[in-house]
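Here is a protein chain to look over. The questions below go through its cross-link, its helix packing and its backbone.

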Amino acid sequence: MKKQKRRGLSIKMKAMLIILLIPIAVTIFTLTAIIWTGLKNPELIRKSASALLEIGERHTATSIPEEYIPIYKEAAEAYGIPWTLLAAHHRIETRFSTMDPLLSPVGAEGHMQFMPCTFVGWTYPGCGGLGKGEIPEKDKTNPAIIKEYGGYGVDGNGDGIADPYDIEDAIYSAANYLSISGAADGDFEKAIFNYNRSEKYVQDVLRFFNEFEAQRLDMEAANK
């Protein structure tokens, strides 16, 4: 009988195996480097974990960014509504101003997503339909024009301009709108519905409102 010759792997198969093994080797090397760095510098790992948690929190947006709380409180006090209601609207409208750009496909503008005609006033010439209108920028941010045409825009920071893209002006304007719409009388569902005429929107805002109210009570209890 003739002995069968043993055939080794072809050059082509060897090349394929090498290509397949490269990503595995890179992954192992990277993980090893991360672990080694962590052992030598645990503070770096702690900071990285904190950063990842913060990114995740911003993504799910179940907590209120601290930098906005003083503005919510000031605006809420001025218009007699809960500040957590403003936080809930801010969360729903632009995910706490992380939406980019702060302009919706239908034309709602700024941190709290006002239609221009709602911000300036529906009696402004040309306002109709969904409320996009054709309002020049100089009129859109002019408190005197807004007052003349019955708009809800407010100069929250006192700089002489009512700008939906300014965070203070936007939140004060939302507080103004919600207050007039029923929130000042405790009719939150009516106020929310007037802000955006959708039952789903109402339920979404109420869900965050209740969540933020619970957080507020926890913060107040912790500070006692």
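**The disulfide and the helix packing**

Q: How far apart are the sulfur atoms of Cys117 and Cys127?
A: This is a predicted model, in which local features need pLDDT of at least 70, side-chain atom pairs count only at pLDDT 80 or more, and totals for chains, interfaces and linings use all residues. Residues are numbered from 1 along each chain as its sequence is written, and side-chain values use heavy atoms, with hydrogens and water left out. Cys117 and Cys127 form a disulfide (a pair of cysteine sulfur atoms within 2.5 Å). Their sulfur atoms are separated by 2.1 Å.

Q: How many disulfides does a search of the whole structure find?
A: A disulfide is a covalent bond between the sulfur atoms of two cysteines. Searching the whole structure for such links gives a count of one.

Q: Which handedness does the link of Cys117 and Cys127 have, with -95° about the S-S bond?
A: The handedness is given with the angle about the S-S bond, which is -95° for Cys117 and Cys127. This link is left-handed.

Q: How many residues apart in sequence are the parts that the Cys117 and Cys127 pair ties together?
A: Helices (H or I, at least four residues) and strands (E, at least two) are DSSP runs, numbered from the N terminus. Cys117 belongs to helix α5 (residues 116-120), whereas Cys127 sits in the loop between α5 and α6 (137-140). The pair therefore ties together parts whose separation in sequence is ten residues.

Q: Are Cys117 and Cys127 buried or exposed?
A: Buried means under 20% relative accessible area, exposed over 50%, and partly exposed in between (1.4 Å probe, protein chains only). Cys117 falls in one class together with Cys127, and that class is buried.

Q: How are α4 and α8 placed relative to each other?
A: Two packed helices are described by the angle between their axes and the distance between the axes. Here the axes are lines fitted to C-alpha atoms, for helices over the stretch in contact, and angles run from 0 to 180 degrees between N-to-C directions. Helix α4 (residues 83-94) packs on helix α8 (residues 167-180) at about 115°, with their axes 10 Å apart. Angles under 35 degrees count as roughly parallel, over 145 as roughly antiparallel, 65 to 115 as roughly perpendicular and the rest as oblique, so α4 and α8 are roughly perpendicular.

Q: Which residues of α8 do Leu85, Leu86, His89 and His90 in α4 meet?
A: Contact means heavy atoms within 4.5 Å. On the α4 side, Leu85, Leu86, His89 and His90 take part, and they meet the α8 residues Ile167, Ile171, Ala174, Ala175 and Leu178.

Q: Into what classes do the residues of the contact of α4 with α8 divide?
A: Ala, Val, Leu, Ile, Met, Phe, Trp, Tyr, Cys and Pro count as nonpolar, Asp, Glu, Lys and Arg as charged, and the others, Gly among them, as polar. The contact of α4 with α8 has seven nonpolar, two polar and no charged.

Q: How are α4 and α10 placed relative to each other?
A: Helix α10 covers residues 199-222 and packs on α4 at about 130°, with their axes 8 Å apart. The two helices α4 and α10 are therefore oblique.

Q: What is the handedness of the crossing of α4 and α10?
A: A crossing is left-handed if the near helix is turned anticlockwise from the far one by less than a right angle, and right-handed if clockwise. For α4 and α10 the crossing is right-handed.

Q: Into what classes do the residues of the contact of α4 with α10 divide?
A: Among the residues making the contact are Trp83 and Arg91 of α4, and Phe208 and Arg216 of α10. The residues divide into eleven nonpolar, two polar and five charged.

Q: Which residue does a cis peptide bond join to Asp100?
A: Most residues other than glycine have a negative phi, and most peptide bonds are trans. The bond after Asp100 is cis, with omega about 5°. The partner in the loop between α4 and α5 is Pro101.

Q: Is Phe96 buried or exposed?
A: Phe96 is in the loop between α4 and α5, and its phi is positive, near 60°. Its relative accessibility is 3%, so Phe96 counts as buried.

Q: What is the relative accessible area of Arg95?
A: Arg95 lies in the loop between α4 and α5 and has a positive phi near 50°. Arg95 is partly exposed, with a relative accessible area of 29%.

Q: How many helices does the chain have?
A: Of the 224 residues of the chain, 38% count as buried. Strands number zero, and the helices number ten.
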